[in-house]
Amino acid sequence: QLPLSLSRAELPQIGGGVPTVEMIATLIEILTARDLMEQLVDDLGEDAFKSPPPTNPLVRSALAGVEYVTTGISDALISVGLIQRVPPREALIEALQARLVVFPVRQSQVVEVALTWPTPDVPEMVTTRLLELFMERVEELNTLSSEQDLYAERAVQAEAELAVAQEQLRKLQTGMLRILML
């Protein structure tokens, strides 16, 4: 297990301001989102998560035997319809989701990210890439939020301009009516 922490200074802001409880919860949701896990697996490749083969030939043989028996049992259960075959990518995504822990530290604005994995090299590599993807995603959301703010501001300006134009039109129509009455 390799715990990584994001302090308040490192937590990205969505829409600006100080991170609130709701904002921290939103950031945790983004960090644990399935689509982020899928992108993580696609970026790193499935092989990055595999353990290197043991150097001891006896251990290597024992592992091969266990894998053979496990595969045989799984195939038998699949053939009688008790379980369904899960593609390796899907199984890897589910394993990541099950082993990734993201939680806020009590009474702080710190989020801890931890991943447990059988291979010691994997947690650091995975959490580093996950945090990079997370920061990219938050930046995308901030860009969208800024664009929405810009459009909302422009809509308010357009409404004000429309109100002025309507008032000018009303005055013009009133003036034309007075001229016609003369």
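Arg 137 counts as buried, because its relative accessibility is 16% and the cut-off for buried is under 20%. That value, like everything else here, comes from a predicted model. You'll find Arg 137 in helix α5, which covers residues 122–181. Leaving aside residues up to four places away in sequence, Arg 137 touches Ile 30, Asp 35, Leu 36 and Gln 39.

Now for another buried residue, Thr 119. This one sits in the loop between β3 (111–115) and α5. Its relative accessible area is 7%, so it also falls under the 20% cut-off. Which residues does Thr 119 touch, once those up to four places away in sequence are set aside? They are Phe 49, Lys 50, Ser 51 and Pro 52. Take Lys 50: along the chain it is 69 residues from Thr 119, yet the two C-alpha atoms are separated by 7.5 Å.

Here are the two buried residues side by side.

| Residue | Place | Relative accessible area | Residues touched (beyond four places in sequence) |
|---|---|---|---|
| Arg 137 | helix α5 | 16% | Ile 30, Asp 35, Leu 36, Gln 39 |
| Thr 119 | loop between β3 and α5 | 7% | Phe 49, Lys 50, Ser 51, Pro 52 |

Let's step back to the whole chain. The protein chain has five helices and three strands, and if you read along the sequence they follow the pattern β-α-α-α-α-β-β-α. There are 182 residues in the chain, and buried ones make up 23% of them. What share of the contacts with a separation of 6 or more joins residues 24 or more positions apart? The figure is 68%.

Next, the largest pocket. About 800 Å³ of space lies inside it. Its lining takes in 24 residues, and the closest to the pocket's centre are Lys 50, Glu 67, Thr 70, Thr 71 and Pro 88. So Lys 50 turns up twice: it touches Thr 119, and it belongs to this group by the pocket's centre.

Which helix gives the most to that lining? It's α3, with nine residues. Both α3 (57–79) and α4 (88–99) supply at least two residues each. Sorted by class, the lining has 13 nonpolar residues, five polar ones and six charged ones.

Finally, a look at the rings. Searching the whole structure turns up one aromatic pair. There is also a charge over a ring: Arg 99 lies over the face of Trp 117, at 4.9 Å from the ring centre.

Terms used. Residues are numbered from 1 along each chain as its sequence is written. This is a predicted model: local features need pLDDT of at least 70, side-chain atom pairs count only at pLDDT 80 or more; totals for chains, interfaces and linings use all residues. Side-chain values use heavy atoms; hydrogens and water are left out. On a 1 Å grid over the protein atoms alone, a cavity is a set of points where a 1.4 Å probe fits but cannot get out, and a pocket is an open set with protein on both sides within 12 Å along at least five of seven lines; lining residues have an atom within 4 Å of a point. Grid points are joined across faces, edges and corners, and a volume is the space filled by probe spheres set on the points. Ala, Val, Leu, Ile, Met, Phe, Trp, Tyr, Cys and Pro count as nonpolar, Asp, Glu, Lys and Arg as charged, and the others, Gly among them, as polar. Rings of Phe, Tyr and Trp (its six-membered ring) pair if their centres lie within 6.5 Å; planes under 30 degrees apart count as stacked, over 60 as edge-to-face and the rest as tilted. A charge sits over a ring if NZ of Lys or CZ of Arg is within 6 Å of the ring centre and within 35 degrees of the ring normal. Buried means under 20% relative accessible area, exposed over 50%, partly exposed in between (1.4 Å probe, protein chains only). Contact means heavy atoms within 4.5 Å.
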